[in-house]
Amino acid sequence: MRQLTYDGMPIPGLNDLVRTAIRLHPAPGEPRPDESHLGGPLLWPSDEPWPECPVTWPPDPDASDDAWKSGHRLDGPVPVMVSAAQFFRGDFPELPFPEGTDVLQILFCPMEHDSPRHQGPAVRLVWRDSGEVEHIADPPPAPEEADAALLPVPCVFEPCSIDELPRLCDFPPETRAALGIPEGAGDDPEGWPELGQYSKIGGWTAWSATERADLDCRECGAELRQTIALATEEHEVGCGCEVTEGEPAGWSFHRRGVLNVFTCPADVTHPFKVRID
Ligand SMILES: [Zn+2]
Ligand SMILES: [Zn+2]
Ligand SMILES: [Zn+2]
């Protein structure tokens with residue numbers, strides 16, 4: 001790869017910062033349970049209970065990673081979750097899959113939940129072996145109290161790949177030093193490539209209102225890594241593809257931001273975190 005420069009200067013280590021993201025380009029469609037999608041039918045076995053929201057009160061420390069300030073009371077009905085996304089390894093080998101699994105399913109509890117660093121839907125990640133699913137479950141209806149802004153329109157993908165550089169808050173200290181960026185500076189260097197908001201696998205976090213904070217693995221201490229981004233708005237930047245629909249999934253996260261899922265690079269089954277920004 002060519003040596004990246006900044007302001008005409010080759011900066012050591014800049015090339016190592018490039019991450020190739022898979023931009024999903026969701027578009028409304030009619031996905032099947034055996035396809036990758038947003039908000040479509042999940043390949044969920046009929047003999048497995050449909051999952052409920054993990055954010056209960058009193059909280060279950062194993063079920064969810066954030067310091068929730070409240071949750072669904074256990075002496076009443078806990079809402080069922082809804083399909084948010086499904087990714088097959090065959091379509092997205094870039095995603096981490098625990099051994100013996102080939103599909104990642106993302107479910108939302110489609111209402112606001114409140115923790116110091118995440119205001120939005122509760123999220124579950126489920127990896128499974130699609131070959132073990134014999135009969136597919138009929139999903140229960142979305143809970144009555146669901147926030148319509150968190151229920152996606154089913155979408156299919158037309159992925160492309162895009163090279164990304166991080167926002168300043170994700171720069172390693174060496175790179176900050178090489179670029180002469182003072183300690184505590186918050187804005188990207190002038191002329192730095194823009195990191196737009198769009199749904200993707202991998203890449204860097206398109207921080208806009210907040211900065212990276214409190215993103216270490218609770219289990220092993222490793223720094224969690226940007227893994228999946230689900231965007232409210234699909235920006236027309238960077239990849240050169242035409243973006244026909246700005247909000248194809250129809251969902252709207254806090255401040256019209258991006259829902260980012262961070263996973264542990266040492267073991268993807270370690271507790272993940274969600275940040276909307
Ligand atoms: Zn919930
Ligand atoms: Zn870990
Ligand atoms: Zn594209």
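Here are a few questions and answers about the two zinc sites of this predicted model.

Q: What makes the arrangement around the zinc ion (ligand 2) tetrahedral?
A: Happily, the angles settle it: the 4 donor atoms subtend 104 to 116°, and four donors count as tetrahedral if all angles lie between 85 and 135 degrees. The donors in question are Cys-217 (SG), Cys-220 (SG), Cys-264 (SG) and His-270 (ND1), at 2.1 to 2.3 Å. Along the chain they follow the spacing C-x2-C-x43-C-x5-H.

Q: Why does Cys-217 count as buried?
A: Buried means under 20% relative accessible area, and Cys-217 has 4%, so it counts as buried.

Q: How do you know whether Cys-220 is buried, partly exposed or exposed?
A: Its relative accessible area is 41%. That value falls between the 20% limit for buried and the 50% limit for exposed, so Cys-220 is partly exposed.

Q: What makes the arrangement around the zinc ion (ligand 3) tetrahedral?
A: The same kind of check works here: its 4 donor atoms subtend angles of 98 to 116°, inside the window of 85 to 135 degrees, so the arrangement is tetrahedral. The donors are His-25 (NE2), Cys-160 (SG), Cys-239 (SG) and Cys-241 (SG), at 2.1 to 2.4 Å. Their sequence spacing is H-x134-C-x78-C-x1-C. Cys-160, in strand S12, and Cys-239, in the loop between strands S14 and S15, lie 79 residues apart and link distant parts of the chain.

Q: Why does Cys-160 count as buried?
A: Its relative accessibility is 16%; since the cut-off for buried is under 20%, Cys-160 counts as buried.

Methods. Residues are numbered from 1 along each chain as its sequence is written. Chains are lettered from A and ligands numbered from 1 in the order in which they are written. This is a predicted model: local features need pLDDT of at least 70, side-chain atom pairs count only at pLDDT 80 or more; totals for chains, interfaces and linings use all residues. Side-chain values use heavy atoms; hydrogens and water are left out. Donors are N, O and S atoms within 2.8 Å of the metal (3.2 Å for Na, K and Ca); water is not among the atoms, so sites may look incomplete. Four donors count as tetrahedral if all angles lie between 85 and 135 degrees; four count as square planar and six as octahedral if opposite donors are over 155 degrees apart and all others between 65 and 115; anything else is irregular. Buried means under 20% relative accessible area, exposed over 50%, partly exposed in between (1.4 Å probe, protein chains only). Helices (H or I, at least four residues) and strands (E, at least two) are DSSP runs, numbered from the N terminus.
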